[in-house]
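Please look over the fold below. The report that follows takes up helices, cores, cysteines and a few single residues in turn.

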Amino acid sequence: MVAEVRKPTVVITGASAGVGRAVACAFAKEGWRVALVARGVARLEATAQEVRRLGGEPLVLPADVADAQAVDTVAARVTAEWGDIDVWINNAMVTVFGPISKITADEFRRVTEVTYLGQVHGTQAALREMSKVGRGTIVCIGSALAYRSIPLQSAYCGAKAAIRGFIDSLRSELIHDGSPIRLTMIHLPAVNTPQFDWARCKMDCQPRPVAPVFQPEAVAAQIYDGAMSAPRELWIGGPTVKTILGGLAVPALADRLAASQAYEGQMDDLPVNPHREDNLFNPVEMEASGRGRFGKESSTSVGAMSGSAVRFLLAGAGIAALSSLALVTRRISRH
């Protein structure tokens with residue numbers, strides 16, 4: 001009698017639309033068991049149907065990641081149903097578009113609770129379960145904005161930067177403890193998702209991603225690969241690499257470029273509907289898929305590089321430049 005091969009299990013937060021839904025589909029195509037976590041029940045069920053159609057096995061788990069106890073319950077449900085958790089992906093987020101002067105304290109708090117603390121809660125829950133079996137991979141979805149903030153998304157940029165600080169601290173602890181649990185942070189470019197239709201907006205125009213924009217399926221494929229290889233960091237897309245490196249190398253210039261390009265660059269031509277629903281405090285049960293309304297300008301392919309590889313190449317280029325300079329200097333001195 002042949003023993004049944006165990007299917008691997010992934011937990012994905014923010015799985016009902018956008019990048020999270022596309023990532024769920026990417027894992028489903030590989031035959032994974034996919035635990036789907038989000039607030040919107042109808043959209044979770046729609047995602048589950050898609051996961052099932054693609055060859056995966058879904059488990060619908062409605063929860064608000066801002067609630068630590070709810071996230072712990074998700075982890076317990078998954079292990080009770082399927083056993084060990086192989087990969088946990090922290091992807092849930094909310095944001096507010098608008099100048100800082102127009103964003104309330106409650107709005108700042110809510111973005112922080114979901115986008116930052118939601119990843120903390122998910123990571124802690126995953127660690128507790130993975131530590132029992134001594135293996136597993138935790139993936140935290142970041143953004144180029146974790147390194148280089150832009151105007152009109154102060155709460156979101158602050159939360160993404162906080163995640164990076166949290167992950168760096170945890171990584172050092174895992175190294176100190178000799179833990180086999182893998183930890184990776186994946187930074188995304190601008191993606192064509194529905195968030196621009198349901199995020200809270202304090203502007204006169206509807207928000208949009210700063211070009212260039214990529215389709216979520218292309219990004220999801222890179223996230224899947226990143227979850228399998230688990231580099232320290234994975235930077236998806238050329239714009240992400242340029243944004244991160246530019247912000248680190250010439251921060252004052254990056255400030256001015258953000259002021260001149262990212263301000264109007266986040267405003268669409270469409271006026272904001274004054275009765276527009278948003279998902280900041282409650283889910284919006286609008287019909288939504290992995291994609292937003294910017295498909296015509298969105299690229300269907302995107303590359304990725306580990307942050308370590310980018311830094312290694314830059315270091316190599318710098319050493320080569322210094323060596324060339326030294327050689328030229330020696331030749332000049334001989335003459």
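Helix 7 covers residues 216-229. Its 14 residues should span 20 Å at 1.5 Å a residue, and the end C-alpha atoms are indeed 20 Å apart, so expectation and model agree. This is a predicted model. Buried residues of helix 7 are Pro216, Ala218, Val219, Ala220, Gln222, Ile223, Tyr224, Gly226 and Ala227. Just after the helix comes alanine 230, with a positive phi of about 50°.

**Overall make-up**

The protein has 335 residues, and 50% of them count as buried. Its secondary structure comes to 10 helices and 15 strands. Take the contacts between residues at least 6 apart in sequence: 78% of them join residues at least 24 apart. The protein exposes about 15,600 Å², and carbon and sulfur atoms supply 56% of that area.

**Helix 2**

Helix 2 runs through residues 41-53. It has 13 residues and reaches 18 Å from first C-alpha to last, close to the 18 Å expected. Which of its residues are buried? They are Arg43, Leu44, Thr47, Ala48 and Val51. These cover an arc of only 145° around the axis, which puts them on the same side of helix 2. A general rule fits here: an α-helix has 3.6 residues a turn, so residues three or four places apart point the same way.

The other side of helix 2 holds Gln49, Arg52 and Arg53, which are exposed. Cover for the buried residues includes helix 1 (18-29), strand 2 (33-38), strand 3 (57-62) and helix 6 (195-198). Glycine 55 follows helix 2, and its phi is positive, near 105°.

**Nonpolar cores**

In soluble globular proteins, nonpolar side chains tend to be buried together. The largest nonpolar core here has 38 residues. Val11, Val74, Val78, Trp88 and Ile138 have the most contacts inside it. At least two residues of this core come from each of strand 2, strand 3, helix 3 (68-82), helix 4 (105-133), strand 6 (137-143), helix 5 (154-177) and strand 7 (182-188). Helix 4 gives the most, with seven residues.

What does valine 74 contact, leaving aside its neighbours within four places in sequence? Its partners are Val11, Val37, Leu61, Ala63 and Trp88. Apart from this core lies another, of 34 residues. Ala26, Ile141, Val219 and Ala227 are among them.

**Cysteines**

How many disulfides does a search of the whole structure find? It finds zero. Cysteine 205 is in no disulfide: the nearest cysteine sulfur, that of cysteine 201, is 8.3 Å away. A disulfide would need the two sulfur atoms within 2.5 Å, so this pair does not qualify. Cysteine 205 counts as partly exposed, at 24% relative accessibility. Cysteine 157 is buried, with a relative accessible area of 1%.

**Three buried residues up close**

The cut-off for buried is under 20% relative accessible area. The table gives three residues that fall below it.

| Residue | Relative accessible area | State |
|---|---|---|
| Leucine 59 | 11% | buried |
| Glutamate 129 | 16% | buried |
| Glutamine 206 | 15% | buried |

Leucine 59 sits in strand 3. Not counting residues up to four places away in sequence, leucine 59 touches Val34, Ala35, Leu36, Arg77, Val78, Glu81 and Trp82. One of these partners, valine 78, is 19 residues apart from leucine 59 in sequence. Their C-alpha atoms are 8.1 Å apart in space.

Glutamate 129 belongs to helix 4. Why does glutamate 129 count as buried? Its relative accessible area is 16%, which is under 20%, so it meets the cut-off. Beyond residues up to four places away in sequence, glutamate 129 touches Ala75, Thr79 and Ile85.

Glutamine 206 lies in strand 10 (residues 205-207). Again not counting residues up to four places away in sequence, glutamine 206 touches Phe196, Asp197, Gln266, Met267, Asp268, Leu270, Pro271, Val272, Arg276 and Arg293. Phenylalanine 196 and glutamine 206 are 10 residues apart in sequence. From C-alpha to C-alpha, the two are 7.5 Å apart.

Terms used:
Residues numbered from 1 in each chain as written. Predicted model: local features only at pLDDT ≥ 70, side-chain atom pairs only at ≥ 80, totals over all residues. Heavy atoms only, no water. Helix = DSSP H or I, 4+ residues; strand = E, 2+ residues; numbered from the N terminus. Buried < 20%, exposed > 50% of the residue type's maximum accessible area, 1.4 Å probe, protein only. Contact = heavy atoms within 4.5 Å. Areas by Shrake-Rupley, 256 points an atom, 1.4 Å probe, with all protein chains shown as cover. Expected span 1.5 Å × (residues − 1). Arc of directions from axis to C-beta. Core = buried A, V, L, I, M, F, W, Y, C linked by side-chain atoms within 4.5 Å.
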